[in-house]
Amino acid sequence: MQAWQVHENGEPGKVMRLEEVARPTPGEGQVLLKVRAANVNFPDVLMARGHYQVRPPLPFTPGVEICGETEDGRRVIANPALPHGGFAEYALADAAAVLPAPDALDDAEAAALHIGYQTGWFGLHRRARLEAGETLLVHAAAGGVGSAAVQLGKAAGARVIGVVGGADKAAVARELGCDTVIDRRAEDVVAAVKEATGGRGADVIYDPVGGDAYTQSAKTVAFEGRIVVVGFASGAIPSPALNHALVKNYSILGLHWGLYNTKNPALVQHCHEQLTELAARGAIKPLVSERVPLSEAAAAVQRVGDGHTTGRVAVVPGLTSPEHAQNGASA
């Protein structure tokens, strides 16, 4: 079968190589899946660079989120068991963690439902306890993680402020449903949030960026607000001033979604059921801005790493040429 392999760490576009390799053999408790679509996530970039907390042995196939097909023809979503990742014709997954793909979503959308939306649901509902009528601020609102949080926030009845970088991404954020969109390249984020909230600030802030975004979060969080720390796509890990959290009465909440797979897997299943229901009634729909053939996976991962994409980019092995903006939100 064909699979992308990383033999040495570096930029994805340089170190990912498409090769002919043997089809992987499932180990105990694993299942072989034919890859129908593989979603590109930022961890794929970090793993190629050797900067992720999980470091699979070299060579490995990246791709941490797929919609696949079982040997008996069932359509499922899964996190592949590395080093046999999703940017290949076949991947391995732990049988106990495989979930049914929602009928309301196509393969690429289903592949994009899992990590970003599970992270969003746990962050907003489990950790921050977002309530209807509250104000939610989402950093990188047009990205894969941010767009999921925007949709989940709107579905929960929140007022959503989206922060983006650039006019094109601002247009995407508006189409996603943001009530207010702030272009950090053209506006003062802190001043704009205070203006949009009458000086009160945001009740919940969802931050997958870190760095300057976290600094802005601390300045714009409301009394008894909650900052959910999801990741550090900027590459800069902030050092919160805890005295500031004390005098302003706000909470800093960490979220490592992967821990729930071992600490509370039943809650992951419950979340999937909630997401499936939301998808069935059209309340959420993953923004897949690009669908690319397997042959273009390395370039797609590099674009995500460079910050040149909106929503999700899906690698579809059966595709012969790229397709763009399938969800109505133009990139």
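Buried means under 20% relative accessible area, exposed means over 50%, and partly exposed covers what lies in between. The exercises below apply this to a predicted model.

**Exercise 1. Classify Phe-232 as buried, partly exposed or exposed, and describe its surroundings.**

Step 1. Locate the residue. Phe-232 sits in the loop between strand 12 (221-229) and helix 9 (242-248).

Step 2. Apply the cut-offs. The relative accessibility of Phe-232 is 36%, so Phe-232 counts as partly exposed.

Step 3. List the contacts. Setting aside residues up to four places away in sequence, Phe-232 touches Pro-208, Val-209, Gly-210, Ile-237 and Pro-238.

Step 4. Relate Phe-232 to Arg-129. The two are 103 residues apart in sequence, and their C-alpha atoms are 22 Å apart in space.

**Exercise 2. Find which non-glycine residues, among them Arg-129 and Ala-140, have a positive phi, and place them.**

Step 1. Take Arg-129. Its phi is positive, about 55 degrees, although Arg-129 is not a glycine. Arg-129 belongs to the loop between helix 4 and strand 8 (135-139).

Step 2. Take Ala-140. Here phi is about 50 degrees, again positive in a residue that is not a glycine. Ala-140 lies in the loop between strand 8 and helix 5.

Step 3. Add the exposure of Ala-140. With a relative accessible area of 33%, Ala-140 is partly exposed.

**Exercise 3. Describe how helix 4 packs against helix 5 and against helix 11.**

Step 1. Choose the descriptors. Two packed helices are described by the angle between their axes and the distance between the axes.

Step 2. Treat helix 4 (residues 115-127) and helix 5 (residues 144-155). They pack at an angle of about 50 degrees, with axes 8 Å apart. Angles of 65 to 115 degrees count as roughly perpendicular and those under 35 as roughly parallel; helix 4 and helix 5 are therefore oblique to each other. Their crossing is right-handed.

Step 3. Name the residues in that contact. Helix 4 supplies Gly-116, Tyr-117, Gly-120, Trp-121 and Leu-124, while helix 5 supplies Ala-148, Ala-149, Gln-151, Leu-152 and Gly-153.

Step 4. Treat helix 4 and helix 11. The angle is about 100 degrees and the axes are 10 Å apart, so this pair is roughly perpendicular.

Step 5. Name the residues in the second contact. Tyr-117, Gln-118, Trp-121, Phe-122 and Arg-126 of helix 4 meet Leu-267, Val-268, His-270, Cys-271, His-272, Gln-274 and Leu-275 of helix 11.

**Exercise 4. Which residues have the most contacts inside the largest nonpolar core?**

Step 1. Identify the core. The largest nonpolar core has 84 residues, and Phe-122 and Leu-136 have the most contacts inside it. Helix 11 (residues 265-280) gives the most to this core, with six residues.

Step 2. Look around Phe-122. Beyond its neighbours within four places in sequence, Phe-122 is in contact with Arg-127, Leu-255, Trp-257, Tyr-260, Leu-267, Val-268 and Cys-271.

Step 3. Note what lies apart. A separate core of 16 residues includes Leu-137, Ala-192, Ile-205 and Tyr-214.

**Exercise 5. How many disulfides does the model have, and is Cys-67 buried or exposed?**

Step 1. Count sulfur pairs within 2.5 Å. The count comes to zero disulfides.

Step 2. Check Cys-67. The nearest cysteine sulfur belongs to Cys-271 and is 17 Å away, and Cys-67 is in no disulfide.

Step 3. Read the accessibilities. Cys-67 has a relative accessible area of 0% and is buried; Cys-178, at 10%, also counts as buried.

**Exercise 6. Trace helix 12 from its buried residues to the loop that follows.**

Step 1. Count the buried residues. Seven of the ten residues of helix 12 are buried: Ala-297, Ala-298, Ala-300, Val-301, Gln-302, Val-304 and Gly-305.

Step 2. Find their partners. These residues pack against strand 1 (2-6), helix 1 (12-15), strand 2 (16-20), helix 2 (42-49), strand 14 (288-292) and strand 15.

Step 3. Move past the helix end. Just after helix 12, Gly-307 takes a positive phi of about 75 degrees.

Step 4. Finish at Thr-309. Thr-309 is in the loop between helix 12 (297-306) and strand 15 (312-315), and its relative accessible area of 11% makes Thr-309 buried. Not counting residues up to four places away in sequence, Thr-309 touches Lys-169, Glu-290, Arg-303 and Val-304.

Notes:
Residues numbered from 1 in each chain as written. Predicted model: local features only at pLDDT ≥ 70, side-chain atom pairs only at ≥ 80, totals over all residues. Heavy atoms only, no water. Helix = DSSP H or I, 4+ residues; strand = E, 2+ residues; numbered from the N terminus. Buried < 20%, exposed > 50% of the residue type's maximum accessible area, 1.4 Å probe, protein only. Contact = heavy atoms within 4.5 Å. Core = buried A, V, L, I, M, F, W, Y, C linked by side-chain atoms within 4.5 Å. Axes fitted to C-alpha atoms, helices over the stretch in contact; angles between N-to-C directions. Parallel < 35°, antiparallel > 145°, perpendicular 65-115°, else oblique. Left-handed = near helix turned anticlockwise from the far one by under 90°.
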